[in-house]
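Q: Hi! Could we walk through this one together, beginning with what you mean by a contact?

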Amino acid sequence: MFSLAGIVALLFFVFVRPMEIYPPLQQIPLIYIFFGLAVFGLIVDLRLRLIRPQPTPQLLFVILFFGWSILTSVAQSGTPVDQILMISILFVWFYLISHGLQGLRPFRALVGALVVLSLFLALVGVHQNFAKLGCVQIEGLVAGLPSSHG
């Protein structure tokens, strides 16, 4: 149950992207903070025996895909530390969701958070559809396109 807060915060950060709305947040590494919060919650859940570390049926395929992704990143460039870090975050995110949310109650909470975030993004999209073009800068000529495109 403790990992749910970190997972929802991580989903909020990925879906809403508050650092694009409020630029001073770009100075804070929020994705790593929320990721650490979710991992800490998973460790607390394991220590309190609120969840059991039993593998899911997809775990073998995800581990194989993780290994393949790391292998191709290493083959593509000599020192792909950033790519390996991002791939590792995605793997641990899978592990957090698949193993940290055991039971129907935390799963319903996660689905509810996803529904709320999706509705929020839909409302933002509808608002942007009916809003004036206040945040779009019209340029004279962009890659051969007429001046009506920005």
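A: Sure! Contact here means heavy atoms within 4.5 Å. With that in mind, Tyr 95 touches Leu 42, Pro 53, Leu 59 and Gly 100, leaving out residues up to four places away in sequence.

Q: Before we go on, what kind of model is this, and how are residues numbered?

A: This is a predicted model, where local features need pLDDT of at least 70, side-chain atom pairs count only at pLDDT 80 or more, and totals for chains, interfaces and linings use all residues. Residues are numbered from 1 along each chain as its sequence is written, and side-chain values use heavy atoms, with hydrogens and water left out.

Q: Thanks. How many helices and strands does the chain have?

A: The chain has six helices and zero strands, and the pattern along the sequence reads α-α-α-α-α-α. Helices (H or I, at least four residues) and strands (E, at least two) are DSSP runs, numbered from the N terminus.

Q: Back to Tyr 95, then. Where is it, and is it buried or exposed?

A: Tyr 95 sits in helix α5. Its relative accessible area is 25%, so it is partly exposed. The cut-offs are under 20% relative accessible area for buried, over 50% for exposed, and partly exposed in between (1.4 Å probe, protein chains only). Also, the C-alpha atoms of Tyr 95 and Val 62 are separated by 9.3 Å, with their positions 33 residues apart along the chain.

Q: And Pro 53, which residues does that one touch?

A: Pro 53 touches Leu 46 and Tyr 95, again not counting residues up to four places away in sequence. Pro 53 is in the loop between α3 and α4, and counts as exposed because its relative accessibility is 60%. Its C-alpha atom is 6.8 Å from that of His 99, and the two residues are 46 apart along the chain.

Q: What about contacts across the whole chain?

A: Among contacts between residues at least 6 apart in sequence, 68% join residues at least 24 apart.

Q: Let's go inside. How much of the chain is buried?

A: Of the 150 residues, 25% count as buried. In soluble globular proteins, nonpolar side chains tend to be buried together. A nonpolar core is a set of buried Ala, Val, Leu, Ile, Met, Phe, Trp, Tyr and Cys residues joined through side-chain atoms within 4.5 Å. The largest one in this chain has 20 residues, of which Ile 7, Leu 11, Phe 34 and Leu 110 touch the most other members.

Q: Which elements build that core?

A: The elements giving two or more residues to this core are α1 (2–16), α3 (30–47), α5 (81–100) and α6. The largest share, seven residues, comes from α1.

Q: Who does Ile 7 meet?

A: Beyond its neighbours within four places in sequence, Ile 7 is in contact with Ala 38, Trp 93, Leu 96, Ile 97, Leu 101 and Leu 110.

Q: Any aromatic pairs?

A: There are two aromatic pairs. The ring centres of Phe 13 and Phe 34 are 6.1 Å apart and the planes are at 65°, so this pair is edge-to-face. Phe 13 is in helix α1 and Phe 34 in helix α3, so the pair ties together parts 21 residues apart in sequence. Both Phe 13 and Phe 34 are buried.

Q: And the other pair?

A: Phe 66 and Phe 91 have ring centres 4.8 Å apart and planes at 25°, so they are stacked. This pair links distant parts of the chain, with Phe 66 in helix α4 (residues 59–76) and Phe 91 in helix α5, 25 residues apart. Phe 66 is partly exposed, at a relative accessible area of 22%.

Q: Remind me of the pair cut-offs?

A: Rings of Phe, Tyr and Trp (its six-membered ring) pair if their centres lie within 6.5 Å; planes under 30 degrees apart count as stacked, over 60 as edge-to-face and the rest as tilted.

Q: Changing topic: any odd backbone angles?

A: Most residues other than glycine have a negative phi. Arg 17, however, has a positive phi near 55°, and lies in the loop between α1 and α2 (18–21). Arg 49 is not a glycine either and has a positive phi of about 60°; its place is the loop between α3 and α4. At 75% relative accessibility, Arg 49 counts as exposed.
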